[in-house]
Amino acid sequence: MTKLLSQQDVIDYLQVTRQTIYVWRRQEIFPKPFQIGRFLRWKQEDIEKFASQHTAPI
């Protein structure tokens with residue numbers, strides 16, 4: 001079963017601000033969320049894939 005992440009979960013996982021996620025969504029580079037009622041949720045694997053594609057290896 002796919003785990004769905006809240007916006008706060010995504011912020012904590014990526015260590016970015018709410019504004020950064022908003023900008024990425026407007027630029028259409030961030031995974032599209034699901035709207036459940038009035039809440040946005042993202043698939044965990046979509047966020048992990050985004051993070052792996054947009055971070056530099058150490």
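Two strands count as paired here if DSSP finds at least two bridges between them. By that rule, in this predicted model, β2 and strand β3 (residues 39-43) qualify, as 3 bridges link them in the antiparallel sense. Strand β1 also partners β3, with 2 bridges and again an antiparallel run. Put together, this gives an open sheet of 3 strands, ordered β1-β3-β2, with antiparallel pairing. The edges belong to β1 and β2 (34-36), each of which has a single partner strand, so one side of each goes without a neighbour in the sheet. Helix α3 packs on this sheet, where it touches β1 and β3, and its direction makes about 65° with that of β3.

The register of the sheet can be read off residue by residue. On the β2 side, I36 stands opposite F39 in β3, and F34 faces R41 in β3. The hairpin of β2 and β3 has 2 residues between the strands, and G37 takes a positive phi near 65° there. On the β1 side, L4 sits across from K43 in β3.

L4 deserves a little more attention. This residue lies in strand β1 (residues 4-5). Once neighbours within four places in sequence are set aside, L4 is in contact with F34, I36, R41, W42 and K43. Among these, F34 stands opposite R41 in β3, while K43 is the residue that L4 itself stands opposite. L4 and P33 are also worth a look: 29 residues separate them in sequence, and their C-alpha atoms are 9.5 Å apart in space. Even with those contacts, L4 is partly exposed, at a relative accessible area of 37%.

Just past β1 comes S6, in the loop between β1 and α1. S6 has a relative accessibility of 18% and therefore counts as buried, the cut-off being under 20%. Leaving out residues up to four places away in sequence, S6 touches L40, R41 and W42. R41 and W42 turn up in the contacts of L4 too.

Turning to the helices, α1 (residues 7-14) and α3 (residues 44-53) have axes that come within 11 Å and cross at roughly 30°. Angles under 35 degrees count as roughly parallel, so α1 is roughly parallel to α3. The crossing of the two is right-handed. At the contact, V10, Y13 and L14 in α1 meet I47, E48, F50 and A51 in α3. These residues split into 6 nonpolar, no polar and 1 charged.

The other helix pair is set up at another angle: α1 and helix α2 (residues 18-26) pack at about 100°, with their axes 10 Å apart. That angle falls in the 65 to 115 range, and α1 and α2 are therefore roughly perpendicular to each other. Here Q7, Q8, V10, I11 and L14 in α1 meet R18, I21 and W24 in α2. The residues of this contact divide into 5 nonpolar, 2 polar and 1 charged. V10 and L14 of α1 are listed in this contact, and they also appear in the one with α3.

Finally, a couple of loop residues have backbone angles that stand out. Q15, in the loop between α1 and α2, has a positive phi of about 55° although it is not a glycine. Its relative accessibility is 71%, so Q15 counts as exposed. E28 is found in the loop between α2 and β2. E28 is not a glycine either, yet has a positive phi of about 60°. With a relative accessible area of 67%, E28 is exposed as well.

Notes. Residues are numbered from 1 along each chain as its sequence is written. This is a predicted model: local features need pLDDT of at least 70, side-chain atom pairs count only at pLDDT 80 or more; totals for chains, interfaces and linings use all residues. Side-chain values use heavy atoms; hydrogens and water are left out. Axes are lines fitted to C-alpha atoms, for helices over the stretch in contact, and angles run from 0 to 180 degrees between N-to-C directions. Helices (H or I, at least four residues) and strands (E, at least two) are DSSP runs, numbered from the N terminus. Angles under 35 degrees count as roughly parallel, over 145 as roughly antiparallel, 65 to 115 as roughly perpendicular and the rest as oblique. A crossing is left-handed if the near helix is turned anticlockwise from the far one by less than a right angle, and right-handed if clockwise. Contact means heavy atoms within 4.5 Å. Ala, Val, Leu, Ile, Met, Phe, Trp, Tyr, Cys and Pro count as nonpolar, Asp, Glu, Lys and Arg as charged, and the others, Gly among them, as polar. Buried means under 20% relative accessible area, exposed over 50%, partly exposed in between (1.4 Å probe, protein chains only).
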